Amino acid sequence: MEQPTIGDAFGEMIRDAYAVRTGIGPRPLAGGRLPRPVIEVIERDDGLINGAPADHYLDEPESWQPHDHRALRLCRGHVLDIGVGAARIALELQRRGMAVTGLDTSPGAIEVARKRGLRDTVLSTVDGYARARARYDTFLLLGNNLGLLEGPARAPVFLEALARLANPGARILAQGADPYGTKDPVHVSYHQRNRARGRLGGQLRLRLRYRLVASEWFDYLNCSVDELEELLKGTGWRLKSIDHKDRPYYLAVMEQDL
């Protein structure tokens, strides 16, 4: 069986989702005539496959979850939206007159963010961009992007990079998910498997698939609030508050130690 090509799976998916929504540009067609739904496929390293429509990456504020609106009320100063994707959040901040930069590692996502009108974009990893002269007051990790901490080995490196980009008093606004309330045996057994391998229970190993393209495998973290506090120890960041109103999802506010 042919293996998928490794590439910008997320970017190709976002390009097609944007084309289907706007009618602008080439679109995947069903039967050569009708737009085909754009589906994001997520493959986990135990063989689990999940799929969901990708159109939500383009949602306008009226379609957002309540925690997104609450997060925006906490933004201040110059904002770096990490994992900006199609700029769902960043564009709304820009409309409100805030200075916002969208950062992503996906060329396709950055292309779509620019097409949608986001003025300031960066194609880079957080580590690479930490060498820049820019400084920020708010770092956004929304859309469950607390997962970009990856795990205990990566989190201190990621957080140190943000510290290098931070103005005094900067904050991180991160949306995460506590994975441990589930009774689904597929997920419970995965947590057990992870712990047996010396990993956090919700430390996922994933890759994205879209049509004939796949991403590289990567770690993505779902963690409890207690686990998040452990990850912050010694990093120069502290947990200031947790918004639990949308359990099992939560909004964490982190600030630099004084």
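Select Gly198 in this predicted model. Gly198 comes just after helix H7 and takes a positive phi of about 80°.

Step back to H7 itself, residues 185–196. The helix has 12 residues and reaches 16 Å from its first C-alpha to its last, close to the 16 Å expected at 1.5 Å a residue. At its N-terminal end, show the side chain of Asp184 and the backbone of Val186: Asp184 caps the helix, with a side-chain oxygen 2.9 Å from the backbone nitrogen of Val186.

Now colour the buried residues of H7, which are Tyr190, His191 and Asn194. They lie on the same side of H7, because the arc they cover around the axis is only 100°. An α-helix has 3.6 residues a turn, so residues three or four places apart point the same way. Add strand E4 (39–44) and strand E11 (203–210) to the selection; the buried residues of H7 pack against both strands. Then rotate to the face turned away from the buried side, where the exposed residues Pro185 and Ala196 are found.

Go next to helix H3, residues 88–95. This helix is mostly covered, with 7 of its 8 residues buried. Select Arg88, Ile89, Ala90, Leu91, Glu92, Leu93 and Gln94 to show the buried residues of H3. Their packing partners are helix H2 (66–72) and the strands E6 (79–82), E7 (100–104) and E9 (136–141). Just after H3, pick Gly97, which has a positive phi of about 90°.

The last stop is the interior. Nonpolar side chains in soluble globular proteins tend to be buried together. The largest nonpolar core here has 34 residues, and the ones with the most contacts inside it are Ile82, Phe139, Ile172, Leu228, Trp237 and Met254. To see where the core comes from, show the elements that each supply at least two of its residues: E6, helix H5 (126–129), E9, helix H6 (155–164), strand E10 (166–177), helix H8 (225–232), strand E14 (237–243) and strand E15 (249–256). H6 gives the largest share of this core, 5 residues.

Centre the view on Leu228 and display its contacts. Leaving aside residues up to four places away in sequence, Leu228 touches Leu146, Leu149, Cys223, Leu239, Tyr250, Ala252 and Met254. Apart from the largest core lies another, of 20 residues; to find it, select Trp64, Val84, Leu93 and Leu142, which are among its members. Leu93 was already picked as one of the buried residues of H3.

How values were computed
Residues are numbered from 1 along each chain as its sequence is written. This is a predicted model: local features need pLDDT of at least 70, side-chain atom pairs count only at pLDDT 80 or more; totals for chains, interfaces and linings use all residues. Side-chain values use heavy atoms; hydrogens and water are left out. Buried means under 20% relative accessible area, exposed over 50%, partly exposed in between (1.4 Å probe, protein chains only). Helices (H or I, at least four residues) and strands (E, at least two) are DSSP runs, numbered from the N terminus. Contact means heavy atoms within 4.5 Å. The expected span of a helix is 1.5 Å times one less than its number of residues. The arc is that of the directions from the helix axis to the C-beta atoms. A polar contact is a pair of N or O atoms within 3.5 Å; within protein, one must be able to donate a hydrogen and the other to accept it, and residues adjacent in sequence count only if both atoms are side-chain atoms. A nonpolar core is a set of buried Ala, Val, Leu, Ile, Met, Phe, Trp, Tyr and Cys residues joined through side-chain atoms within 4.5 Å.
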